[in-house]
Amino acid sequence: MSDGFTLWFTGLSGAGKSTLAGMVAQELRQRGHRVEVLDGDEVRTNLSKGLGFSKEDRDTNIRRIGYVCRLLARNGVIAISAAISPYREIRDEVRGQHERFFEVFVKCPIDKLAARDVKGLYKKALAGEINGFTGIDDPYEEPLRPELVLETHIETPTESLSRLVGRLEQAGFILPNGARR
């Protein structure tokens, strides 16, 4: 079996998915793993250019990310997805296509997200100036059984990273630091 797997971050905009994806990628690279991060914003610019934000387009975007993650993982790479991926059915579909899949729900309440939102998108969405904003007037369906829930309004990014790495070790996705296969 290859060492590759898919680490799938899901959560609302601004919850900390990209931050944590970057932090865990750095930690895993330091441990000698091959890692690729597929960030939602970058994917939309490069892989899913031209897609809008309808349910169908969002589903297509997540399927594309899942496909690339699967290709990477089967070739021994740890593929990290950091995209909102709002719909449970599509996340579960993607999960079903992977041999090794670890879902992390990055959870943070709307009021905390709005308070930390430097772009003011939540304020605009709450005021009705932006339509189709996930978590406001477009649904976000929380995962029912993620491998891990990180509550970024309660813990620091370093604390979240520590819990994530510990859970990856515990579940056998990675070896404890310093251990060899």
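1. Start with the largest pocket of this predicted model. Its lining is made up of 38 residues, and Ser13, Gly14, Lys17, Asp41 and Ile84 are the ones that lie nearest the centre. Several helices give two or more residues each to that lining: α1 (17-30), α2 (40-46), α3 (55-74), α5 (110-116), α6 (121-126) and α7 (157-170). The largest share comes from α1, with 4 residues.

2. How much space lies in the largest pocket? About 1,000 Å³. As for the character of the lining, 15 of its residues are nonpolar, 14 are polar and 9 are charged.

3. Next, have a look at α3, one of the helices in that lining. α3 runs for 20 residues and spans 28 Å from its first C-alpha to its last, close to the 28 Å expected at 1.5 Å a residue. Its buried residues are Asp57, Arg58, Asp59, Asn61, Ile62, Ile65, Gly66, Cys69 and Ala73. When you read that list, keep in mind that an α-helix has 3.6 residues a turn, so residues three or four places apart point the same way. Just after α3 you'll meet Gly76, which has a positive phi of about 85 degrees.

4. Now for the aromatic rings: there are 5 aromatic pairs in the model. One of them is Phe105 with Tyr140, a stacked pair with 5.9 Å from centre to centre and 20 degrees between the planes. Phe105 belongs to strand β4 (residues 101-107), while Tyr140 is in the loop between α6 and β5 (148-151), so the pair ties together parts that are 35 residues apart in sequence.

5. Are the two partners of that pair buried or exposed? Phe105 has a relative accessibility of 5%, so it counts as buried. Tyr140 comes out at 15%, and since the cut-off for buried is under 20%, Tyr140 counts as buried too.

6. Two other ring features are worth finding on screen. Phe5, Phe102 and Phe173 are linked into a cluster by ring pairs. Elsewhere, Lys55 places its charged end over the ring of Tyr87, 4.4 Å from the ring centre.

7. Last, check the backbone at Ser85. Most residues other than glycine have a negative phi. Ser85, though, has a positive phi, near 40 degrees, and is not a glycine. Where is Ser85 found? Look in the loop between β3 (78-82) and α4 (88-96). With a relative accessibility of 2%, Ser85 counts as buried.

Notes: Residues are numbered from 1 along each chain as its sequence is written. This is a predicted model: local features need pLDDT of at least 70, side-chain atom pairs count only at pLDDT 80 or more; totals for chains, interfaces and linings use all residues. Side-chain values use heavy atoms; hydrogens and water are left out. On a 1 Å grid over the protein atoms alone, a cavity is a set of points where a 1.4 Å probe fits but cannot get out, and a pocket is an open set with protein on both sides within 12 Å along at least five of seven lines; lining residues have an atom within 4 Å of a point. Grid points are joined across faces, edges and corners, and a volume is the space filled by probe spheres set on the points. Ala, Val, Leu, Ile, Met, Phe, Trp, Tyr, Cys and Pro count as nonpolar, Asp, Glu, Lys and Arg as charged, and the others, Gly among them, as polar. Rings of Phe, Tyr and Trp (its six-membered ring) pair if their centres lie within 6.5 Å; planes under 30 degrees apart count as stacked, over 60 as edge-to-face and the rest as tilted. Buried means under 20% relative accessible area, exposed over 50%, partly exposed in between (1.4 Å probe, protein chains only). A charge sits over a ring if NZ of Lys or CZ of Arg is within 6 Å of the ring centre and within 35 degrees of the ring normal. The expected span of a helix is 1.5 Å times one less than its number of residues.
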